[in-house]
Amino acid sequence: MTRPGWTITPGWGWWRPRRCGRWCTGRRLTLLNRHAISARRGLIVSGAAGTGKTTAITQLGKTHQLIDRQRHPSPDLDRIPVVYVTVPPAATPRMLAVEFARFLGLPITARANITDVIEAVCGVCCDTRTALVLVDEIHNLQLSTRNGAEVSDTLKYFSERIPATFVYAGVDVERAGLFAGTRGQQLAGRFGLIGTVAFPYASEWQGLVATLEDALRLYRHRPGTLVRLDRYLHQRTGGMIGSLSHLLRGAAIEAILCGSEQLTRHSLDAVGLDHAAHRHGATGTRRQPAHP
Amino acid sequence: MRPRAIPEVLRPLPIRVRPRPAETVASYVVRLARANHLQPSHLHAYLCGPPDWRGAPDLGRLAVLCGRPGSVLQRALTGPTPARQPTPEPLGGPRPPTPARTPKPRHNTELAATAGHHDQPLEASAAPAIPTSQPAPALMASPTAAWTGRMVDRKVTSTGVISFANTNYSVGRAFTGQMVQVTCQDGTVQISRGGEPLRAWSRRHPAAKEASIGPDRSHDRGEVALDQARRLAPLDDLASDPRVVHRLVDPTGSVSFAGRYYLAGHALTGQVVGVRCAGGIVQIIHDGELVRAWQQRHTPQQEQRMHQRPNIQQRTANARPLTSAPQHQPAPAGQP
């Protein structure tokens, strides 16, 4: 299910529907699943490459960790409120379990079998009060293959053992067959889908450009220069936050190296972008979201 | 099957456990593994490191995984040295058997460097008789033999120190709760336990303070210094002395004797000791050696009734090993 109009905005108010001022979905799910015994609800972030999926889920994890630290400020408490893993390509259940163990810092030897690893991961996650599990690159999971199905079952087992909210992120997961078959139906019944789209040229885009400009630390840069170039930036990046970040950071590094210490239209033109953005700039058409 | 070497950077474990004082390395590794839901054998092999993945845990790896400095671990942990340093044997021959539940003391220079509270232990040139904080060699005269009337008993505190003439001297956390004998001779404070030299320090207290210490001074009220108890009641005729009775040390470390409880020490819990009262001193003997001595708190009538009816004062749980051959005698006329 794709919801047009849902965009990724940086900062505290990320993931907030533009047309709805309700609470953000991620925070609501974590509170909803806090005391759930089973059948916890999850979230899947799907969208085209460069639309900020990883940025969004890491921002969610950062926000949750800050809130957890405010509630439990004692440094002696062993708390790991957020776990972030990436599904490796051609993943097997053991590889995924080892990814969890590596994030937690558990020493895993070659002779440790998957049962030992899963027991250690689940035990530590329960003891450290893990409440949010972020699984990125979920499109590496192919339910049509045996290993992919076993990895899906492993994730399902983790979600049953660990009292946490699971958030998946991947490229066009609904088209990659993640919701197909019996396992896919089970995922579809428990996970909500949020599609990420490019930023339209509106006030949110200008706010995003202004936020990124405030983060610049260039001596001769005039504030407001990038805000005046918002239409140009939107045309070059197609509204993609990843391309915009790459463009501004690349131009800033170039300005530091050459000593100009400022960003101009000319310096921005000198920075090459990814192929998709370059093609978009050549055609002059606005990049369309994958699933309008 | 040996686990393969995994070229990765060591990281602290997610759940960190605080080491307990005088805890063995093996016990700490097991607690650390249990807290992190790991198999202790796997964690032990991981701590040993490549290429063998076996043996004694490496201190550096343990310090990284538990998230604590290595000096803290060396000061707190006992047992097989974490730094893979072989425990040196005392130069005076094999050590006497350590009582049960007594932590094995460490004897390495690192412990001396970290356990000392004020100064370093004496160097070999400073005190030829007791070279360093290593176990004193056999060439050193026995503290008991060289007793000059200033030997006192001290109980090692939880921080591993004893107080002598209002000055703290370190013994080591491994001896926490145990009684040691302290003597000061020629500007050297010698600490021993059961006749075995432990540590030697240069004197830091003023000599005037030392003069006020009596030879029979003890921490606990009613406890008698061991050397004084030996002088007042020699242990020469133990085998033929009919006053010696055998008692099982209860879980509180005490024995019942003539209707009174006398402390033998937690280290002897569950073991059979000999107890006798001679010259107003109750002596507790283990393996032919005097381990504790107390002033008599029972009456002569109680002792007489005890000898007439042995085991009558024993509690049921304690009396089980000793009542295999019941020796109950009928109470004499006029006795309750």
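**A walk through the two chains**

The structure has six cavities of 30 Å³ or more. A cavity here is a set of points on a 1 Å grid over the protein atoms alone where a 1.4 Å probe fits but cannot get out. Bear in mind that this is a predicted model, where local features need pLDDT of at least 70, side-chain atom pairs count only at pLDDT 80 or more, and totals for chains, interfaces and linings use all residues. As for bookkeeping, residues are numbered from 1 along each chain as its sequence is written, chains are lettered from A and ligands numbered from 1 in the order in which they are written, and side-chain values use heavy atoms, with hydrogens and water left out.

Start with the largest cavity, which holds about 210 Å³ of space; that volume is the space filled by probe spheres set on grid points, with the points joined across faces, edges and corners. Its lining runs to 20 residues, and Lys156(A), Ser159(A), Tyr168(A), Leu187(A) and Phe191(A) lie nearest the centre. To count as lining, a residue needs an atom within 4 Å of a point. Helix H5 (146-161), strand S4 (165-171) and helix H6 (181-190) of chain A are the elements that give two or more residues to this lining. H5(A) provides the largest share, six residues. Helices (H or I, at least four residues) and strands (E, at least two) are DSSP runs, numbered from the N terminus. By character, the lining splits into nine nonpolar, four polar and seven charged residues. In that scheme Ala, Val, Leu, Ile, Met, Phe, Trp, Tyr, Cys and Pro are nonpolar, Asp, Glu, Lys and Arg are charged, and the others, Gly among them, are polar.

Stay with S4 of chain A for a moment: Asp172(A) sits in the loop between S4 and H6. Asp172(A) has a positive phi of about 50 degrees although it is not a glycine. Chain B offers another such case in Ala165(B), with a positive phi of about 55 degrees, in the loop between strand S4 (161-164) and strand S5 (167-170) of chain B.

Now to where the chains meet. On the chain A side 20 residues are in contact with 21 residues of chain B, contact meaning heavy atoms within 4.5 Å. Together the two chains bury about 1,700 Å², 61% of it on carbon and sulfur atoms; buried area is the accessible area (1.4 Å probe) that two parts lose on being put together, summed over both. Six residue pairs, both at pLDDT 80 or more, are in polar contact between chain A and chain B. Helix H3 (93-104) and helix H4 (114-127) of chain A each supply at least two residues of the side that touches chain B, and H4(A) has the largest share with six. That side divides into ten nonpolar, four polar and six charged residues. A polar contact is a pair of N or O atoms within 3.5 Å; within protein, one must be able to donate a hydrogen and the other to accept it, and residues adjacent in sequence count only if both atoms are side-chain atoms.

What about salt bridges? Between chain A and chain B the count is zero, while the whole structure has eleven over all chains. The criterion is a side-chain nitrogen of Lys or Arg within 4 Å of a carboxyl oxygen of Asp or Glu. One pair is Asp68(A) with Arg79(A), at 2.9 Å, N to O.

Technical notes. 1 Å grid on protein atoms, 1.4 Å probe; cavity = no way out; pocket = protein on both sides within 12 Å on 5 of 7 lines; lining within 4 Å.
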